[in-house]
Amino acid sequence: MTPQTVSAAEQPKTVKRASKPHPVASLLFRRLGWGVLTVLLVGIIVYAATLILPGDAAQAILGKQATPERVELLRKELGLDKSTWAAFLDWFTGIFKGDFGTSLSTGQSVTALLGPKILNSAVLVLVTAVFSTIIGLALGALTAARRDGFLDQVVSLISLVASALPEYIVGVFVVLVLAVNLHAFPAISVLPPGASILDQPAKMVLPALTLTIVVVPYILRMCRGSVIEALDSDYAEVARLKGVSSNRLLYRHALPNALAPAVQVVALSLIYLAGGIVLVETVFQFPGIGLALLDAITARDVPVIQAIVLLLSACYVVLNILADVGVLLVTPRRRLPR
């Protein structure tokens, strides 16, 4: 008996499902594209905004007593006599080569001038981010486990007061207590030109403490609310009925499930730090990009202003992307491809 021949039309077909890109990779590609466009638009806006600043950089450098001939000669030396379009093309193409131009006030390369200051500010932001995240998450989880208790009320009151105070007010109080009265740390963070804050870490304590006091309340309150919501969920009630201890329920179940909103507020705090360091660095004379931006605005040093603002906008974009990626990574149902 010969086996029946099955026609090609009757043969079962294997349906191939189109593989979807990984959510993290898809997010990165999409957000990086928008990020590059955002930084480009910010660069155009910043360049246009600096053109309408009052005053003249050459006049600011030479002083009011300079003759018009000397001012015009300096304008040619600095390239300020170029047309707007030609000057923008020179500046924009130089960015891709790592060349942000020359400082009008010092005559030094902007990249070389800002290099040590960027490092100092990065160290300050990193130290503040690490300590504020650890303290905020720990206190948030602790107060959520003891909600409406004495500790919760005291911590909530202190965090509310701290979040209501501006950075420079907190900095003044920190200086009065730790520098003036206790003489524990230097009141200001002045360093030699080009020096690193890592050579004198004691001068970083008060600025980092000030920023930590300002940032911790936001992380604490978000973490507390998220943990309370997780502790009131159905799966937490089932875990209690099964005899899971309070500590295990808090740290092994509730806190990991509350990390997604906590990651978002940590990222927002880091974004705030990227711009909020201007006031703190001014109060403590910390040699970072915040103080450099203030000095550049005072001297009308346009290339330095443009470089710092563009750098801060790039930091905003990168931190937003990292925040979205972090939320995906701590949320299993969203980070896995489907």
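Me: What makes the contact between Asp152 and Arg224 a salt bridge?

Reply: In this predicted model, a nitrogen and an oxygen from the side chains of Arg224 and Asp152 are 2.7 Å apart. The cut-off for a salt bridge is 4 Å between a side-chain nitrogen of Lys or Arg and a carboxyl oxygen of Asp or Glu, so the pair of Asp152 and Arg224 qualifies. The pair links distant parts of the chain, with Asp152 in helix H6 and Arg224 in helix H8, 72 residues apart.

Me: Why is Asp152 called buried or exposed?

Reply: Asp152 has a relative accessible area of 3%. Buried means under 20%, so Asp152 is called buried. Its partner Arg224 has 21% relative accessibility and counts as partly exposed, because that class lies between the 20% and 50% cut-offs.

Me: How do you know that Asp232 and Arg147 meet in a salt bridge?

Reply: The N to O distance between their side chains is 2.6 Å. The limit is 4 Å, so Asp232 and Arg147 form a salt bridge. This pair, too, links distant parts of the chain, at 85 residues apart. Asp232 is in the loop between helix H8 (205-231) and helix H9 (234-241), and Arg147 is in the loop between helix H5 (110-145) and helix H6 (150-164). Asp232, at 47% relative accessibility, is partly exposed. Arg147, at 35%, is also partly exposed.

Me: What separates Arg240 and Glu237 along the chain?

Reply: Arg240 and Glu237 are three residues apart in helix H9, and therefore about one helical turn separates them. Their side chains meet in a salt bridge with an N to O distance of 3.4 Å. That value is within the 4 Å limit. Arg240 has 36% relative accessibility and Glu237 has 40%; each of these residues counts as partly exposed. By the salt-bridge rule, the count for the model is three.

Me: Why is Thr212 called buried or exposed?

Reply: The relative accessible area of Thr212 is 10%. The limit for buried is under 20%, so Thr212 is buried. Thr212 lies in helix H8. Leaving aside residues up to four places away in sequence, Thr212 touches Thr128, Ser132 and Ile135.

Me: How many disulfides does the model have?

Reply: The count is zero. A disulfide would need a pair of cysteine sulfur atoms within 2.5 Å. As for individual cysteines, Cys223 is buried at 1% relative accessibility, whereas Cys315 is partly exposed at 30%.

Me: What makes the nonpolar surface patch?

Reply: The patch consists of Leu157, Val161, Leu165, Val172, Phe173, Leu176, Val177, Val180 and Leu182, and covers about 780 Å². Residues in a patch need over 30% relative accessible area. Leu182 has 56%, so Leu182 passes that limit. Since exposed means over 50%, Leu182 is also called exposed. Leu182 lies in the loop between H7 and H8. H6 and helix H7 (167-181) each supply at least two residues of the patch, and H7 gives the most, with five.

Me: What is particular about phi at Asp148 and Gln285?

Reply: Phi of Asp148 is near 65 degrees, a positive value in a residue other than glycine. Asp148 is in the loop between H5 and H6. With 61% relative accessibility, Asp148 is exposed, because the cut-off is over 50%. Phi of Gln285 is also positive, near 55 degrees, and Gln285 is not glycine. Gln285 is in the loop between helix H11 (259-284) and H12 and is partly exposed at 35%.

Me: Which residues of helix H12 are buried, and which residue follows H12?

Reply: Ile289, Gly290, Leu291, Ala292, Leu293 and Ala296 are buried in helix H12 (residues 289-299). Arg300 follows H12 and has a positive phi near 55 degrees.

Me: What secondary structure does the protein have?

Reply: The protein has 14 helices and zero strands. Buried residues make up 36% of its 338 residues. Of the contacts with a separation of 6 or more, 72% are between residues 24 or more positions apart. The protein exposes about 19,800 Å², and carbon and sulfur atoms supply 67% of that area.

Technical notes: Residues numbered from 1 in each chain as written. Predicted model: local features only at pLDDT ≥ 70, side-chain atom pairs only at ≥ 80, totals over all residues. Heavy atoms only, no water. Helix = DSSP H or I, 4+ residues; strand = E, 2+ residues; numbered from the N terminus. Buried < 20%, exposed > 50% of the residue type's maximum accessible area, 1.4 Å probe, protein only. Contact = heavy atoms within 4.5 Å. Areas by Shrake-Rupley, 256 points an atom, 1.4 Å probe, with all protein chains shown as cover. Patch = residues over 30% accessible without salt bridge, like charges linked within 9 Å, V, L, I, M, F, W, Y side chains within 5 Å.
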